[in-house]
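New to this one? Here's a quick tour to read with the structure open beside you.

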Amino acid sequence: MEKSKERYVAEAMINEYLKMKKGEYLAITADQDSNFKQLEAYLEVCHENDVACTILKTATPPGQSKAAEATVPVEATKEFLMNVDCWIDAGSMGLLYSDIYEHVMENNKKMRYMLTIHLPTDMLYDMYCSFHVEKMVELTNLIKKRYNESKAITVRNSDGMDITFEVDTNNFIAMDNGDASIPGMYTPPADINFIPKQGTAKGTIACRVVYAASQEPDAISDEPAFIHIDEGRVVGIDGEKNASEFLNNWYKKFEYDKNARMIAHVLVGLLPGSKEIASYCVIDERIYGAACWGIGHVSALDMPPEGQPSDTHVDVICPRITILFDDQVIMENGEFTCPEFKTIADVMVK
Ligand SMILES: [Fe+2]
């Protein structure tokens, strides 16, 4: 019988990514809108490998992160998750940066957390089964090494983006490269995320898509909106009408919040099969050679010691970037041009 896509994804997830071993425990958090056919496949692969797996299902919550806790028995779930090795967050909204997440990631030192939300299996298949993991690991490790050796990073694109920030090697560099075998937070591959030195980003972000509240775009256009940054903070928004109006109105709601307009991260998408805007946040963040700038909340785990706590986190998508580590061009118009990166990227696709 032909193997189903659910089965391919489950084998990749349990064996290749999380590298779960006999005797380990997996918890899957889910709700009424989760992709249960996929979750059953995880359960099946776990069972065959003597990994004990439990699915914790609740009603669909009204929002993501802290708002996703509305339908969850919070303290009981914390206790449950304190006693497992891996956690797949497959609820339709996701518990990332909720109180449950912060508590468990802080106190369960062995936890490998994987956020998939309720993505359909076709999307999971494209993400988890489309590249050679060892090559992606090699590429992201090289990017991380060269980033940490740099003093300043510049990101540009043909829409008029031109922004520079300083490197802070104390900030955590998250990589979703297919290896989720050591404790930490993981989202679907593939990307690498940098958190600029606080207060140093200066220039202009030119974006095509805005995600402020959910996985669906709050604004999307063929024309760029411009977010002007000084000392790591949004100081003005103009350009494409819908996006700039949306963002200006959004920030009116957060006048009280001192970190709402602060730069949070820049994530570089590395998913080889994804080149166009899909109008779905988790996919668009991973578009090959695109940047996703985050503005607002950063967890203390990612930016020690205190993080950048805020009640809002906005992500904006900027296709086909050029990126410079100090004066060296690494990527140009969304493709690696620097030979040491290009040779790996060229053989990465399955
Ligand atoms: Fe973000």
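Let's start at strand 9, which covers residues 191-194: Asp-191 and Asn-193 point one way, Ile-192 and Phe-194 point the other way, and all of them are buried. Keep in mind that you're looking at a predicted model. From strand 9 we'll go to its partners, then to a sheet, the helices and a handful of residues with unusual backbone settings.

**Strand 9 and its partners**

- Strand 7 (residues 174-176) pairs with strand 9 in the antiparallel sense, over three bridges.
- In that pairing, Met-175 has Ile-192 of strand 9 as its bridge partner.
- Strand 13 (residues 263-269) also runs antiparallel to strand 9, and four bridges join the two.
- Ile-192 turns up here again: its bridge partner in strand 13 is Val-268.
- As general background, strands of a sheet pair through backbone hydrogen bonds, either parallel or antiparallel.

**A five-strand parallel sheet**

- For the parallel kind, look at the open sheet of five strands, which has the order 2-1-3-4-8.
- Which strands sit at the edges of this sheet? They are strand 2 (52-58) and strand 8 (184-186), each of which pairs on one side only.
- On average, neighbouring strands of this sheet are turned by 15 degrees against each other, if you ignore direction.
- Strand 1 (residues 25-31) is joined to strand 2 by seven bridges, in the parallel sense.
- If you'd like a spot to click on, Leu-26 stands opposite Cys-53 in strand 2.

**Helix 1 and the residue after it**

- Helix 1 spans residues 5-17, and its buried residues are Glu-6, Val-9, Ala-10, Glu-11, Ala-12, Met-13, Ile-14 and Tyr-17.
- What do those buried residues pack against? Their neighbours are helix 2 (36-48) and helix 5.
- Just after helix 1 comes Lys-19, with a positive phi of about 45 degrees.

**Helix 3 meets helix 4**

- In general, two packed helices are described by the angle between their axes and the distance between the axes.
- For helix 3 (residues 74-81) and helix 4 (residues 99-107), the axes come within 10 Å and cross at roughly 30 degrees.
- Angles under 35 degrees count as roughly parallel, so helix 3 is roughly parallel to helix 4.
- The crossing of helix 3 and helix 4 is right-handed.
- On the helix 3 side, the residues that meet helix 4 are Val-74, Thr-77, Lys-78 and Leu-81. On the helix 4 side, they are Asp-99, Ile-100, His-103 and Val-104.
- Sort the residues of this contact by character and you get four nonpolar, two polar and two charged.

**Ala-68, a buried loop residue**

- Ala-68 belongs to the loop between strand 2 and helix 3.
- Is Ala-68 buried or exposed? It is buried, because 27 other C-beta atoms lie within 10 Å and 20 or more is the cut-off for that label.
- Leaving out residues up to four places away in sequence, Ala-68 touches Pro-61, Gly-63, Gly-91, Met-93, Gly-94, Leu-95 and Ser-98.
- One of these, Leu-95, is 27 residues apart from Ala-68 along the chain, yet their C-alpha atoms are separated by 6.0 Å.

**Cis peptide bonds**

- The peptide bond from Pro-189 to Ala-190 is cis, with omega near 5 degrees.
- You'll find Ala-190 in the loop between strand 8 and strand 9.
- Pro-304 and Pro-305 are joined by a cis peptide bond too, with omega at about 0 degrees.
- Pro-305 sits in the loop between strand 14 (291-298) and strand 15 (308-318).

**Positive phi in loops**

- Ile-117 is a residue other than glycine with a positive phi, near 40 degrees.
- Its place is the loop between strand 4 (112-115) and helix 5 (121-128).
- Ile-117 counts as buried because it has 23 C-beta neighbours inside 10 Å.
- Asp-326 isn't glycine either, and its phi is positive as well, near 50 degrees.
- Look for Asp-326 in the loop between strand 16 (321-325) and strand 17 (328-332).
- Asp-326 is exposed, since 12 other C-beta atoms lie within 10 Å and 12 or fewer earns that label.

Methods:
Residues are numbered from 1 along each chain as its sequence is written. This is a predicted model: local features need pLDDT of at least 70, side-chain atom pairs count only at pLDDT 80 or more; totals for chains, interfaces and linings use all residues. Two strands pair if DSSP finds at least two bridges between them. Axes are lines fitted to C-alpha atoms, for helices over the stretch in contact, and angles run from 0 to 180 degrees between N-to-C directions. Angles under 35 degrees count as roughly parallel, over 145 as roughly antiparallel, 65 to 115 as roughly perpendicular and the rest as oblique. A crossing is left-handed if the near helix is turned anticlockwise from the far one by less than a right angle, and right-handed if clockwise. Two residues are in contact if their C-beta atoms, placed from the backbone, lie within 7 Å. Ala, Val, Leu, Ile, Met, Phe, Trp, Tyr, Cys and Pro count as nonpolar, Asp, Glu, Lys and Arg as charged, and the others, Gly among them, as polar.
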